[in-house]
Amino acid sequence: MRADSGGTRKPSCFASWIFRCRAAWSWRLACPSGMVLTRLTAAPERRLARRVCGVVLDHFDAQYSSELGDAWAAVRDILTSPCCWQYAVLLNRFNYPFNLEEALRLRGYRTVFQGSLPHCPKSMKCYLSTTAGRMPSERHQVGNLKKYYLLNAASLLPVLALELRDGEKVLDLCAAPGGKSIALLQCADPAHFGLDQPRSSSQPSVANRYGIGQCYLHCNEYDHLRLKWLMQTLESFIPQPLVNGIKVSQSDGRDVGDAQPETFDKVLVDAPCSNDRSWLFSPDAQKAACRISQRRSLPLLQRGLLRSAIKALRPGGLLVYSTCTLSRAENQDVINDVLNTHSNVIPVDITEMARTCSQDFSFAPTGQECGLLVIPDKGRAWGPMYVAKLKKSWTV
């Protein structure tokens with residue numbers, strides 16, 4: 001509960017959500033399922049369908065019907081129907097919401113990845129439901145940590161593919177809006193980022209306790225507005241002493257490798273891409289057409305970011321590349337080009353990750369053992385998300 005300006009008590013965002021969930025659940029019990037489905041989804045579907053950008057959809061139809069074949073029809077239906085989209089709930093270990101966790105379980109949510117992936121730590125708790133819908137987002141409040149982060153569950157796959165280990169230096173090269181940085185901090189053991197380092201009797205300070213000055217996570221974002229978004233995300237989920245110990249920079253990602261050669265054990269390149277979900281709902285047709293014409297230049301930028309990431313990676317280190325597009329030119333073709341032009345980079349087989357996660361995600365063939373592509377499907381509306389895993393060899 002919270003108080004308004006008049007001193008009266010109002011239900012919190014979470015409490016309001018629980019109330020609505022209970023009401024909806026009671027209604028489902030009382031009414032035929034078909035009637036409920038029509039009542040809940042028909043109006044939003046009509047409203048949102050008018051907002052699909054025809055210019056983008058026509059472009060996607062031409063490209064993806066060729067690249068995905070028969071699978072494109074089902075993917076298209078999901079991408080153009082936001083009422084079918086699903087949202088996972090990543091719990092914040094730094095302000096753990098025990099009551100929310102219990103409420104999610106009562107609502108039929110279940111954990112994902114736990115027990116299925118050997119490198120998924122117990123500290124990362126993500127809940128998902130097989131039904132569409134989303135919880136309300138929490139407001140950013142200075143000094144108050146949020147309890148959960150809403151995300152596309154497929155966006156955790158690149159983070160898990162990094163297989164974080166204690167004491168490693170990690171670079172998030174294109175970090176905004178910060179979701180994957182938050183997930184990295186949920187995954188790592190506290191000692192990884194200095195959270196649980198014991199205080200010595202001679203230095204019993206908060207700074208020593210949180211390992212300030214030992215910046216194991218470096219978040220970089222070149223765009224000024226997105227950098228502000230990243231900073232707000234970190235402040236909303238991470239205790240302030242730890243935020244102060246995370247290095248945040250505003251550099252062109254293509255220059256980071258030259259500035260910090262062979263510095264990092266793990267590098268995540270969540271590259272700028274033609275975000276399929278977002279582009280489909282572009283409000284301005286002229287701007288959408290301009291985006292499509294500029295789309296051809298994205299692979300050049302993505303290859304530049306990967307070349308920089310390889311320079312920043314120490315020999316023996318792992319690099320994960322990801323996008324939220326279905327485009328082969330921005331996914332497989334970019335990775336194939338890097339492998340063909342860098343003799344010190346080798347592909348890492350991640351087909352086992354796809355097999356292990358096949359219960360919760362639908363995958364399209366990529367023709368690569370080092371790459372997987374999550375495609376939205378009915379009841380599993382996650383993605384698009386392309387993930388590729390590479391390793392820098394010790395010899396050239």
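These legends walk you through several close-up views of one predicted protein model. Residues are numbered from 1 along each chain as its sequence is written, and side-chain values use heavy atoms, with hydrogens and water left out. Because the model is predicted, local features need pLDDT of at least 70 and side-chain atom pairs count only at pLDDT 80 or more, while totals for chains, interfaces and linings use all residues.

**View 1. The whole protein has 16 helices and 15 strands.** Helices (H or I, at least four residues) and strands (E, at least two) are DSSP runs, numbered from the N terminus. Of the 396 residues, 49% count as buried; buried means under 20% relative accessible area, exposed means over 50%, and partly exposed lies in between (1.4 Å probe, protein chains only).

**View 2. Helix α3 (residues 54–67) meets helix α13 (residues 285–294).** Two packed helices are described by the angle between their axes and the distance between the axes. Here the axes come within 8 Å and cross at roughly 30 degrees, which makes α3 roughly parallel to α13. Axes are lines fitted to C-alpha atoms, for helices over the stretch in contact, and angles run from 0 to 180 degrees between N-to-C directions. Angles under 35 degrees count as roughly parallel, over 145 as roughly antiparallel, 65 to 115 as roughly perpendicular and the rest as oblique. From α3, look for V55, V56 and H59; from α13, look for A285, A288, A289 and I292. These residues are in contact, meaning heavy atoms within 4.5 Å.

**View 3. Aromatic rings pair up in this structure, with 8 pairs found in all.** Rings of Phe, Tyr and Trp (its six-membered ring) pair if their centres lie within 6.5 Å; planes under 30 degrees apart count as stacked, over 60 as edge-to-face and the rest as tilted. The ring centres of F60 and Y64 are 5.0 Å apart and their planes stand at 40 degrees, so this pair is tilted. Both residues belong to helix α3, 4 residues apart, or about one helical turn. F60 and Y64 are both buried, and ring pairs link them with W72 into a cluster.

**View 4. Y149 and F237 bring together distant parts of the chain.** Y149 is in strand β6 (residues 148–151) and F237 in helix α9 (residues 224–237), 88 residues apart. With ring centres 5.4 Å apart and planes at 70 degrees, the pair is edge-to-face. Both Y149 and F237 are buried.

**View 5. Two arginines sit over aromatic rings.** The charged end of R134 is 4.6 Å from the centre of the Y87 ring, and R277 lies over the face of W85, at 4.6 Å from the ring centre. A charge sits over a ring if NZ of Lys or CZ of Arg is within 6 Å of the ring centre and within 35 degrees of the ring normal.

**View 6. W382 lies in the loop between β14 (371–375) and β15 (385–392).** At 1% relative accessibility, W382 counts as buried. Its C-alpha atom is 6.0 Å from that of N152, although the two are 230 residues apart along the chain. In this loop you can also find P384, joined to G383 by a cis peptide bond with omega about 0 degrees.

**View 7. Helix α7 (residues 179–187) is mostly covered.** Of its 9 residues, 9 are buried, including K180 and Q186. In the loop between β7 (170–172) and α7 you can spot P177, which a cis peptide bond joins to A176, with omega about 5 degrees.
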